[in-house]
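Student: Hi! Could we go through this one together? I'd like to start with how the chains meet.

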There are 2 protein chains.
Amino acid sequence: MSHARIARVGFVLALMSGSAIAGGKIAPAPNGIELPADYKDWKVISVAHRTDNNTMRAIVGNEAAVTAARQGHTNPWPNGAVLGKIVWKAVIDKHWDKATVPGEFVHVEFMVKDAAKFAATGGWGYARWKGAELKPYGNDANVAQECVACHTPVKSQDYVFTRPAPLP
Amino acid sequence: MSHARIARVGFVLALMSGSAIAGGKIAPAPNGIELPADYKDWKVISVAHRTDNNTMRAIVGNEAAVTAARQGHTNPWPNGAVLGKIVWKAVIDKHWDKATVPGEFVHVEFMVKDAAKFAATGGWGYARWKGAELKPYGNDANVAQECVACHTPVKSQDYVFTRPAPLP
């Protein structure tokens, strides 16, 4: 194949993939946690709007987390539960200026419950991937210390800020 | 069975069901649209915070809607797409006063795309169920006229306010 042809095939494959995940292997976080490949398909646990850093969030969970959320088993959350927070810049809706909605994707971050494996960080592993290219956040295996510091005020609810939103 | 025993069994069944949907048949909307039984399991398309009526929203979709959203086929949305908006009162997070999060459940509402069946209302059927008991909203089959009036300013984007949030 010519170089032009190879470039064209690569371009078409990139278009077909439609996402950074399908397009190639995403690097794990510096502490070894892997990006859950199907996080976009997880069910909703809650939503949030933070005005301190001007972001909108969807809080989703894997099956273990969603089952625990719906049954009210969230203090502690069970081992195997993974919570995902999808974060976007907050922008004003173009057609309804009293609505704040997602703009640019900022990052996706996870809390992975394993009381034994992550005993040093309150029973949770933490990881974050930034930007459209899903670049792992942090420089070394101690990346979670920063997360734990912020989550310690909610130690009484198993280090999780999110309360599952009521769903009848 | 004694009345007390019957009441007790009913109470246990209600606890087991864990939701208004599992607990019994939810009445259809006055225009005949049925509540999608599995809406809680749908994938996230976007989120929103409305300050005019002080609510937080998760916007979810059935498989046809999510596929269309991810492929960018949203103008028009395809027949068969159903968009769901889960709406809660907006409250300040107890542990982070710069975060607005879901409080009480308000209602869940849907747009059902069928260009032929719903030609009179722009190709979309509209329905809403209110409160924890999921009471159908509206008094007669013309309930959607109120919805169409509010959605007409976004006729240029197939009557849908929501733009799918970017997911890498």
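Student: How many bridges join strand E1 of chain A to E4(B), and do they run parallel or antiparallel?

Tutor: Happy to help, and keep in mind that this is a predicted model. Strand E1 (residues 43-50) of chain A is joined to E4(B) by 2 bridges, and the two run antiparallel.

Student: Which residue is the bridge partner of Arg50(A) there?

Tutor: Look for Ala99(B) in E4(B), which is the bridge partner of Arg50(A).

Student: Zooming out, how many residues are in contact between chain B and chain A?

Tutor: On the chain B side 38 residues take part, in contact with 38 residues of chain A.

Student: And which elements of chain B give two or more residues to that side?

Tutor: Those are strand E1 (43-50), E2, E3 and E4 of chain B. The largest share comes from E4(B), with 8 residues.

Student: What's the split into nonpolar, polar and charged on the side of chain B that touches chain A?

Tutor: You get 22 nonpolar residues, 7 polar and 9 charged.

Student: What relates the copies, in terms of a turn and a shift?

Tutor: A turn of 180 degrees with a shift of 0.0 Å along the axis lays chain B on chain A, and the RMSD is 0.0 Å. That is the relation of a two-fold axis.

Student: Which C-alpha in chain B is nearest the axis?

Tutor: The C-alpha of Lys43(B), which sits 2.9 Å from the axis.

Student: Why can we say the copies meet through the same surface?

Tutor: Because 100% of the interface residues of chain B are also interface residues in chain A.

Student: Before I lean on any of this, what are the ipTM and pTM?

Tutor: The model scores ipTM 0.87 and pTM 0.88.

Student: And what does the pLDDT of chain A average?

Tutor: Chain A averages 90, and 86% of the residues score at least 70. Over residues 1-18 of chain A, though, the pLDDT is below 50, and this stretch has 5 contacts in the model beyond near neighbours in sequence. Where pLDDT is low, the predicted coordinates should not be read in detail.

Student: Noted. New topic: how many helices and strands does chain A have?

Tutor: There are 4 helices and 6 strands in chain A. Reading from the N terminus, the order of its elements is α-α-β-β-α-β-β-β-β-α.

Student: What share of chain A counts as buried?

Tutor: Of the 168 residues of chain A, 39% are counted as buried. As for contacts in chain A between residues at least 6 apart in sequence, 51% join residues at least 24 apart.

Student: Back to the strands of chain B. How do E2 and E3 of chain B pair?

Tutor: Strand E2 (residues 55-61) and strand E3 (residues 82-93) of chain B pair in the antiparallel sense, over 7 bridges. One pair to click on is Met56(B) with its bridge partner Trp88(B) in E3(B).

Student: What about E3(B) and E4 of chain B?

Tutor: E3(B) pairs in the antiparallel sense with strand E4 (residues 96-113) of chain B, over 11 bridges. E3(B) and E4(B) form a hairpin with 2 residues between them. Along that pairing, Ala90(B) has Pro102(B) in E4(B) as its bridge partner.

Student: Now for backbone oddities. Which residues does a cis peptide bond join in chain A?

Tutor: Asn75(A) and Pro76(A), with omega about 5 degrees. Pro76(A) is in the loop between helix H3 (63-71) and strand E3 (82-93) of chain A. In chain B, a cis peptide bond joins Asn75(B) and Pro76(B), where omega is about 5 degrees.

Student: What's phi like at Asn54(A)?

Tutor: Phi of Asn54(A) is positive, near 55 degrees, in a residue other than glycine. Asn54(A) belongs to the loop between E1 and strand E2 (55-61) of chain A.

Student: And where is Tyr159(A)?

Tutor: Tyr159(A) is in the segment after helix H4 (144-151) of chain A. Tyr159(A) also has a positive phi, about 65 degrees, although it is not a glycine.

Student: Last one: are Asn54(A) and Tyr159(A) buried or partly exposed?

Tutor: Asn54(A) is partly exposed, with 15 other C-beta atoms within 10 Å. Tyr159(A) has 22 other C-beta atoms within 10 Å, so Tyr159(A) is buried; the cut-off for buried is 20 or more.

Terms used:
Residues numbered from 1 in each chain as written. Chains lettered and ligands numbered in written order. Predicted model: local features only at pLDDT ≥ 70, side-chain atom pairs only at ≥ 80, totals over all residues. Pairing = 2+ DSSP bridges. pLDDT = per-residue confidence, 0-100. Contact = placed C-beta atoms within 7 Å. Nonpolar A, V, L, I, M, F, W, Y, C, P; charged D, E, K, R; others polar. Buried ≥ 20, exposed ≤ 12 C-beta atoms within 10 Å, placed from the backbone. Least-squares fit on C-alpha atoms with pLDDT ≥ 70 in both.
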